[in-house]
Amino acid sequence: MSWVAVCNVSQVQEEFPYSARVNDAEIGIFLVENQYYAMEDVCPHAYALLSQGFVEDGKVECPLHEAVFDIKTGKCLREPGGRDLKTYQTRVNNNQIEISFIEE
């Protein structure tokens, strides 16, 4: 496991998540209640970036087919999401948001 810097804290707002690419993985960085969260950014139902979806109350809705995911846990709350999403630990280091990333 290693920590990978993905963006500056100024690039993430509650209404405007950040989309990052780490190796071949698309990762969404979200701000919920002053905490940063990271999870897979691609909806498993069909290719759509969740970071471009509707964010409210700690949840994100897919911009294409209305699947809903819990940002903190990655849990699929409404279909057609198909499955829960992988989440990543985050930390802030010198105003950079880093994620714990394990290559698979």
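In this predicted model, K59 makes its contacts outside its own stretch of chain with F54, V68, F69, I71 and L77, once neighbours within four places in sequence are set aside. K59 belongs to strand 6. Its relative accessibility comes out at 32%, so K59 falls in the partly exposed class, which spans the range between 20% and 50%. V42 sits 17 residues away from K59 along the chain, and the two C-alpha atoms are 15 Å apart.

Just before strand 6 comes a residue with an unusual label in the backbone list. D57 is not a glycine, yet its phi is positive, at about 55 degrees. The residue is part of the loop that links strand 5 (54-56) to strand 6 (59-61). With a relative accessibility of 66%, D57 is classed as exposed, because the cut-off for that class is over 50%.

Another backbone feature turns up at P80. The peptide bond leading from E79 into P80 is cis, and its omega is near 20 degrees. P80 itself is in the loop running between strand 8 (76-78) and strand 9 (87-88).

Now for the sheet built around strand 11. Three strands make up an open sheet, ordered 1-11-10, with antiparallel pairing. Strand 1 and strand 10 are the edge strands, each of them pairing on one side only. On average, neighbouring strands in this sheet are turned by 35 degrees against each other, direction ignored. On one side, strand 11 pairs with strand 1 (residues 2-8) through six bridges, in the antiparallel sense. Two of the residue pairs here can be picked out: W3 has S100 of strand 11 as its bridge partner, and V4 has I99 of strand 11. On the other side, strand 10 (residues 90-93) and strand 11 are antiparallel as well, held over four bridges. In that pairing R91 is found opposite E98 of strand 11.

How enclosed is strand 11 by the rest of the structure? The strand covers residues 96-101, and five of its six residues are buried, so strand 11 is largely enclosed by its surroundings. One residue of strand 11 to look at in detail is E98. E98 has a relative accessibility of 10% and therefore counts as buried, the limit being under 20%. Its side chain has polar company, though. A polar contact of 2.6 Å links the side chains of E98 and R91, and another, of 3.4 Å, links those of E98 and N93. Beyond neighbours within four places in sequence, E98 touches W3, V4 and A5, along with Q89, T90, R91 and N93.

Strand 10 and strand 11 are also joined as a hairpin, with two residues between them. N94, in the turn, has a positive phi of about 55 degrees. N95 lies in the loop between these strands too, and its phi is positive at about 65 degrees although the residue is not a glycine. N95 has a relative accessible area of 47%, so it is partly exposed.

As for the nonpolar interior, the largest core counts 16 residues, and the ones with the most contacts inside it are V6, V12, I27, I29, Y36, I97 and I99. At least two residues of this core come from each of strand 1, strand 2 (18-22), strand 3 (25-32), strand 4 (35-40) and strand 11. Strand 3 is the top contributor, giving four residues. I27 is in contact with Y18, S19, A20, V22, A38, M39, D41, Y88 and I99, leaving out residues up to four places away in sequence. There is also a second, separate core of 15 residues, whose members include V32, V55, V60 and C76.

Finally, the record. An unreviewed UniProt entry puts the feature "domain: Rieske" at residues 4-99. Across residues 4-99 the chain is 48% strand and 0% helix, and the C-alpha atoms at the two ends are 5 Å apart. The residues at those ends, V4 and I99, are the bridge partners already noted between strand 1 and strand 11.

Terms used:
Residues are numbered from 1 along each chain as its sequence is written. This is a predicted model: local features need pLDDT of at least 70, side-chain atom pairs count only at pLDDT 80 or more; totals for chains, interfaces and linings use all residues. Side-chain values use heavy atoms; hydrogens and water are left out. Buried means under 20% relative accessible area, exposed over 50%, partly exposed in between (1.4 Å probe, protein chains only). Two strands pair if DSSP finds at least two bridges between them. UniProt positions are given in the numbering used here, feature names are shortened, and annotations may be inferred rather than shown by experiment. Axes are lines fitted to C-alpha atoms, for helices over the stretch in contact, and angles run from 0 to 180 degrees between N-to-C directions. A nonpolar core is a set of buried Ala, Val, Leu, Ile, Met, Phe, Trp, Tyr and Cys residues joined through side-chain atoms within 4.5 Å. Contact means heavy atoms within 4.5 Å. A polar contact is a pair of N or O atoms within 3.5 Å; within protein, one must be able to donate a hydrogen and the other to accept it, and residues adjacent in sequence count only if both atoms are side-chain atoms.
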